[in-house]
Amino acid sequence: MKEPEIPQDLTTRDEAWESRYHRNSFLLMMVVLAIAPWLIYPQFVMLALCFGLFACAFNLLIGFGGLLSFGHAMFLGMASYFAAYLAKSGLNLETVTIFSRPFTLGLHMAPLSPALAIVAAVAGTTILGYVAGLLAIKRQGIYFAMITLALAQMVFFFCLQAPFTGGEDGIQAVPRGKLFGVWDLSNDMLMYYVVMAVFAAGVLLIYRIIHSPFGQVLKAIRENEPRAISIGYRTERYKLAAFVLSAALSGLAGATKAIAFQNASLTDVQWQMSGEVVLMTLLGGMGTVFGPVVGAFVIIAMQFYLSDLGSWVTITQGIIFVVCVLAFRRGIVGEIEAWLRAHRRP
Amino acid sequence: MSTQALFGQLLIGLINGSFYALLSLGLAVIFGLLNIINFAHGAQYMLGAFAAYFLLSKAGLSYWWALIVAPLVVGTTGMVIERLMLKRLYKLDHLYGLLLTFGLALIFEGVFRNEFGSAGLPYSAPESLSGGLNLGFMFLPRYRAWVIGSSLVICLGTWYMIERTRLGASLRAATENPTLVQAFGVNVPRMITLTYGAGVALAALAGVFAAPIYQVSPQMGSSLIIVVFAVVVIGGMGSIMGSIVTGFGLGLIEGLTKYFYPEASNTVIFVIMAIVLMVRPQGLFGQR
């Protein structure tokens, strides 16, 4: 049988267009973000950047692996607890109590510098992501969503009861400290640009992952898993790797947020947070590279400026969910991309 | 600790178990035909409890009326939702159904929190079910016995209807192959609407049962539904009887944990879920 003909120059030109489009939008985004804190409230932009990175990390899983996690709050929340605790108190494990029996460890460590606290928190979330991923990838589709949600709820109860998280109060007054022992992060503008650098690094890494051979296999699994298996890929390993990467990057977002906003609380590990990151990604555009960032800015702006309206924020979020699912499945950036693609110069 | 306390916890476990069973049964029935997970199930359970509250305070209708009217009303809203929204999603990835119903759950919960705040509203059990029986080894409140007994009856009734009647047979057939069943002259779209309505009505009925036991509050459903999801993963949605057995069984295990190791009572079901996933990923009663 004759092979179907694919006009070679057409596909290559499309790829060239796409990489030019991504490069330009990334540069534009960086310019806007660099001047943004001088024009609008820096705290808001900083918060939106942390959630933007979180949503991008989440999108790596749903948009490119086709796996809907409904428990990503566990990575954001645990990372912020790890980072906040390590930056504030260091490690003091004189004794551990397991099943009401004390064990002597005698482990002491001074409070960590912000960079080290973030690195340690990301390492911790990577381990959590590995364990949760091992369990969750045993099932697909709807079950995957329910399992991740249940695991996240387990982590929530752990955070509610564990002594180091401060229960309902959370961990407050976390010192920002000095970055690499030189730059004092109590300067808000400096802190902003550090957060922006972390965000840029995270997004670039995600872009690299998506466009690597690994990312291509991931997309193949999303499109048709049995076929990917029959070609000879061990799809479980790819899915697990994507899950761990997504967890680690969510952890990076959570740890940075804990240092920048100097606290960690139960809000970040609640199931509502897992829903919010789904909403940001859906609104911005699932499977687009920068869509989740746009979605995060819209949702955080809504919470930031409409916070007096109380539960109306929840209602609006619900309405956005319904409208997006019924009529706007490509999301904001997805629609823009479709328009650009249709109107691009030949 | 006394045996009195142990039996007390076992009773609470059975009560929770009856809610797990009723809710996971509804989820399984809906999933079987619609292939979506109804995230709004917890919110619809909450709506059932609120319906009972309104029927009593605004219309003066007693608990017994609420048992019939609340499921009918909430089930009807469910059918409207299915006709207007869910119907458009059947051709898409099943995840969109989950996202849509999650959005609906947020809306329901938000609207009620806006109206009634987070504090619970009291709803008392009817006169004829107050008081209790002294069984010698424990005190059994009449209302709780009624809830456990009647949810068992409803669960088994649903099982009988689906597994043993002609209606259930065509329902199961439509789960396997809707196109073929449609060709036999069964109105499958109507069947789907009614099934969703019935699943939602089961949730609302559970809400009415729960109203006198827990406070009627806007967030009563959201934390429960996550546990029910874990129950569904443990049981597997393949069999109706499986949902019932898993629901009651896990309620009992939770009650035992509260007695022997209370710190873990919130998490024990999730831990069991993790173990089941390692040993038997398809769930205890699920088929591959």
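**How the core and the chain contacts are defined**

Q: What makes Ala83(A) and Ala150(A) stand out in the largest nonpolar core?
A: Of the 202 residues in that core, Ala83(A) and Ala150(A) touch the most other members. A nonpolar core is a set of buried Ala, Val, Leu, Ile, Met, Phe, Trp, Tyr and Cys residues joined through C-beta atoms within 7 Å. Buried means that 20 or more other C-beta atoms, placed from the backbone, lie within 10 Å of the residue's own. This is a predicted model, where local features need pLDDT of at least 70 and side-chain atom pairs count only at pLDDT 80 or more, while totals for chains, interfaces and linings use all residues. Residues are numbered from 1 along each chain as its sequence is written, and chains are lettered from A and ligands numbered from 1 in the order in which they are written.

Q: Which residues is Ala83(A) in contact with, leaving aside neighbours within four places in sequence?
A: Contact means C-beta atoms, placed from the backbone, within 7 Å. By that rule Ala83(A) has Ala117(A), Ile118(A), Ala121(A), Ala255(A), Ala258(A) and Ile259(A) as partners.

Q: Why does the radius of gyration of chain A agree with a compact globule?
A: The radius is taken over C-alpha atoms, and the globule rule is 2.2 Å times the number of residues to the power 0.38. For 346 residues this gives a value near 20 Å, and chain A has 21 Å, so the two agree.

Q: How many residues of chain B are in contact with chain A?
A: On chain B, 32 residues are in contact with 34 residues of chain A.

Notes:
Contact = placed C-beta atoms within 7 Å. Buried ≥ 20, exposed ≤ 12 C-beta atoms within 10 Å, placed from the backbone.
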